Amino acid sequence: MTTHHALALVDAIAVRLADPDAALLSPRMLSSDRQHLAYGPSGIALLHIELAANGLGPWHRAHDWFAAASRQPLTSGPDSYPFYGVPAFAHALSCAADHLSGSYQRALDAMDAQIAVDVGRRLDTAHRRIDAGRLPQLAEFDAIRGLTGYGAYLLRRNPGSSTTLAVLDYCVRLTEPITHHGETLPGWWAETGPSGSPDDRFPGGHANTGMAHGIGGVLALLALAARNGSVTAGHHAALRTILTWLDCWKEKADGGPVWPYWVTQGELRSGRLAPSAPRRPSWCYGTASLARAQQLAALALGDTSRQVDAENALVAALTDPEQLKATTYSGLCHGFAGLAHAVARTADDAHPSTAGRLRAAIPALLAAVTPPDTGPDLMATALVQDEESGPGLLDGAAGIALALLAPSTAAPPRTAWDACLLIS
C-alpha cells in the first residue's frame, strides 16, 4: 500500500464513522462497550481528534462521539480503570482539550479529581498487598486496567503532582523481589495465567513481559517519566532491574533477539525457556513494544549502546519472515497497523545508524494492512462492519486509521492519542 493509498483508507474510515447516529454500529458498542476506550465511542473520537488537529477533518465529529459516549453516566470508583469509564473518557477528552483552548476544562477538572481519589485507593491497596508479602494481580499494575495505565494519563495531565509521583513510587516498589512460599520471585509475578484468571497451564503463575499486561508497560512508564523529568527515589535502579530481567530472558532466533511473552514457574526454576513457535512483534506482546520500551529506557539512562541494540532488535524482527508470518491481523493491538505505528514512533527517536532502516520497513507493513488492489472505500466498509473487530480503537477500524496516519505522513501524531499505549 502506498502512503497515498493508506491516507485514502484513513479518510474512508473517518467518513464511515463521521456520525455516531448514522454509523452502522453493533448494539454492544452503545451498551456494554459504550464506556470502553478499546471498543466504544471514546476510542473512535480519538480518530476524529487527530484528524481535526491535523486539519484533515472537522472538530464537531469528535464532539458528536463524546456525546454518544456520555449519554448515560460514566463509571468511576473501583469498577472503572484506564480503559473503562471516567479514565477512558478523560483520556479522549483531554486529547481534544489540548487543541481547543478553554474547552472541556470543567469536565476534565472534575474527572481528574475523581481519578486522583480512585488512584489513591488503588495505591493504598497495592502497598498493603506488598507489605503482606502477597503477589499482585495483573490488573493491579497493567496498562489496560491498572496503575501503569493511570500513570500514563497522570504523566500527561500533571507530571509533577503528588499522585503521579506516588504511582511512580509504586512502580519502583513493584520491581523489588518478593519471597513467596520460600521462593524469590520478581515483584510483578502473578499467581494466575495471562488472562488474569487461574490457569492450569500456568501452575505457580507467571511473570508477564508484555506492554498491555506486563512489566513492559511499567518499564515504558518509568522511562517516559524520567525523560519528562518526573523522577522518584530508586527510579533509575528500577529501570535497570527490568532491563536486566529482559536481558536474562532474551533469546537469539534466526531473525535476531526475541523476548518471551511471559516466563512460567518451570522456566524460572530451570533458567531456560521452553521451545515455542515464532512470536509476532506486536504492541500488546512481543518485540515491537519491548524494543520501544527498552529504547525509551536507554534514552532515559543515556545508554546509547542499549538504545542501538533495542532498535536493531526491532529491525531484525521486521525483516524476519517467521515473525512477520505470525502476524495475521491488521489492527492496532496485535496487527500490522499497530506495528507500523510502533516502528514510526521508534524511528522518531532512533539513533542515526538505525533510523533509516526502521523507516525503510514501514511501506511493507502498510502494504500488509490491505491488498494493493483493494479499493479504500470497500476496505473501509469491510473494516467498520467486521463483526469480530468492529469499528473501535484497539482491534478495529478507528485504531487502524489512527495507526496508519503517522507512518504514512512521516510526521508524529499531533495529539497524545497513543499515550494510553505507553509508546510515546
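**Close-up 1. The lining of the largest cavity in this predicted model.** Eleven names are worth finding here, and they run along the chain as L37, P82, F83, P87, H91, A143, G149, A152, Y153, A419 and C420. The space they enclose comes to about 80 Å³. If you search the whole structure for cavities of 30 Å³ or more, you find one. Helix α7 (147-157) gives the most to this lining, with three residues, and α4 also supplies at least two. By character, the lining residues divide into nine nonpolar and two polar, with no charged residue among them.

**Close-up 2. F89 in helix α4.** Stay with α4, which spans residues 86-97, and look for F89. Is F89 buried or exposed? Its relative accessibility is 8%, under the 20% cut-off, so F89 counts as buried. Leaving aside residues up to four places away in sequence, F89 touches S42, F66, A69, S70, L74 and M111. Take M111 from that set: 22 residues separate it from F89 in sequence, and the two C-alpha atoms are 9.0 Å apart in space.

**Close-up 3. L46 and the largest nonpolar core.** This core has 135 residues, and L46 is one of those with the most contacts inside it, together with I13, Y170, L222 and W283. Helix α9 (residues 215-227) contributes the largest share, ten residues. Around L46 itself, not counting residues up to four places away in sequence, the contacts are L37, H91, A92, C95, L393, L402 and W417. Two of these contacts, L37 and H91, also appear in the lining of the largest cavity. As general background, nonpolar side chains in soluble globular proteins tend to be buried together.

Terms used:
Residues numbered from 1 in each chain as written. Predicted model: local features only at pLDDT ≥ 70, side-chain atom pairs only at ≥ 80, totals over all residues. Heavy atoms only, no water. Helix = DSSP H or I, 4+ residues; strand = E, 2+ residues; numbered from the N terminus. Buried < 20%, exposed > 50% of the residue type's maximum accessible area, 1.4 Å probe, protein only. Contact = heavy atoms within 4.5 Å. Core = buried A, V, L, I, M, F, W, Y, C linked by side-chain atoms within 4.5 Å. 1 Å grid on protein atoms, 1.4 Å probe; cavity = no way out; pocket = protein on both sides within 12 Å on 5 of 7 lines; lining within 4 Å. Points joined across faces, edges and corners; volume = space filled by probe spheres on them. Nonpolar A, V, L, I, M, F, W, Y, C, P; charged D, E, K, R; others polar.
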